[in-house]
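The report below describes one protein chain with a bound ligand, moving from a single residue to the whole fold and then to the ligand shell.

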Amino acid sequence: MTDTQAPAVRTDNTERATPKRETHIKMAARDVNVFYGTSHAIRDVSIDVDMENVTAFIGPSGCGKSTFLRTLNRMNDTIPIARVTGDITLDGEDIYSPDMDVVQLRARVGMVFQKPNPFPKSIYENVAYGPRIHGLAPAKRDLDGIVESALKRAGLWEEVKDRLDDSGTALSGGQQQRLCIARAIAVDPEVILMDEPCSALDPIATAKIEELIHALRGKYAIVIVTHNMQQAARVSQKTAFFHLGHLVEYGETSEIFTNPREERTKDYITGRYG
Ligand SMILES: Nc1ncnc2c1ncn2[C@@H]1O[C@H](COP(=O)(O)OP(=O)(O)OP(=O)(O)O)[C@@H](O)[C@H]1O
């Protein structure tokens, strides 16, 4: 492939085909830096995440995608040597404010990890746990409704409705990942962060998660970290390319993959490094 040719990656071109719509900025990061001890992992990153589009974070291994993703719901707080500077807001509210309740924040900004990690409890309990501790279901009937609706939204209900008491860990990898998505959905989040959610899954289970991301678009602000550029092109409408801790380029996925502005983005998407 020459420098000027478009890469052989198909993109979701709906944004180009349809007129621009107003977007609602859900999260805004400004001049964010992350340090692990003295190591500087994220450098002056500013980005808006909106409700209407799925945002993909791409870039070579070690560029800081997961580190930056974790700043969006303060998962970095769990790493003692990690330090975050800059501003991150959720609907205008500073998520690093001392007044912020981090447990509430992580319900509002849910996370799905690379490896499905259901609790060693029943399918029902996996989904019911969050709503129960957050007091979302005053009666058992309410909780049943929340569990059913979260499993339906996660595209898992039909497969598990007759065995809700079976262990979540007995499901297939793809089903476990959808269970983890149902668990995040059950507490009525505003944002869902996904850190390489398909990397442990086979192609069929991956396709189901990608369909699910399409179905959830617009209901939640969704950010997905992925190593797989075809996946970024299929599921996202906005793409952010990270390199060595910098946000090099951020824009519409169709533009990033066919007409990147930056040389480093072009080199990455044409497979020159990574
Ligand atoms: N818990 C940690 N402690 C110390 N350094 C870390 C920690 N997590 C990540 N790093 C470092 O921060 C930098 C960014 O890592 P990060 O995992 O965010 O990158 P990534 O782009 O998500 O990589 P990959 O695609 O391989 O998952 C790397 O240099 C990594 O070694």
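## Report on the model

Leu143 is part of helix 5, which covers residues 140–153. Helices (H or I, at least four residues) and strands (E, at least two) are DSSP runs, numbered from the N terminus. This is a predicted model, in which local features need pLDDT of at least 70, side-chain atom pairs count only at pLDDT 80 or more, and totals for chains, interfaces and linings use all residues. Numbering starts from 1 along each chain as its sequence is written.

Leu143 counts as partly exposed because it has 18 C-beta neighbours inside 10 Å. A residue is buried if 20 or more other C-beta atoms lie within 10 Å of its own, exposed if 12 or fewer, and partly exposed in between, with C-beta atoms placed from the backbone. Leaving aside residues up to four places away in sequence, Leu143 touches Ala128, Pro131, Arg132 and Ala137; contact means that the C-beta atoms, placed from the backbone, lie within 7 Å. Tyr124 is 19 residues from Leu143 along the chain, and their C-alpha atoms are separated by 9.7 Å.

Helix 7 spans residues 173–186, and its end C-alpha atoms are 20 Å apart, which agrees with the 20 Å expected for 14 residues at 1.5 Å a residue. The expected span is 1.5 Å times one less than the number of residues. Of the 14 residues in helix 7, 13 are buried. Asp188, which follows helix 7, has a positive phi, near 60°.

The protein chain as a whole has 11 helices and 10 strands. Its radius of gyration is 19 Å, close to the 19 Å that the globule rule gives for 274 residues, so the chain is as compact as a globular protein of that length. The radius is taken over C-alpha atoms, and the rule is 2.2 Å times the number of residues to the power 0.38. Buried residues make up 42% of the 274 residues. Among contacts between residues at least 6 apart in sequence, 70% join residues at least 24 apart.

The shell around the ligand contains 14 residues, of which Tyr36, Ser61, Lys65, Ser66 and Thr67 come nearest. A residue is near a molecule if its C-beta atom, placed from the backbone, lies within 6 Å of it. Strand 2 (39–50) and helix 2 (65–71) each supply at least two shell residues, and helix 2 gives the largest share, 3 residues. The shell divides by class as follows.

| Class | Members of the class | Shell count |
|---|---|---|
| Nonpolar | Ala, Val, Leu, Ile, Met, Phe, Trp, Tyr, Cys and Pro | 5 residues |
| Polar | the others, Gly among them | 8 residues |
| Charged | Asp, Glu, Lys and Arg | 1 residue |

Key:
Contact = placed C-beta atoms within 7 Å.
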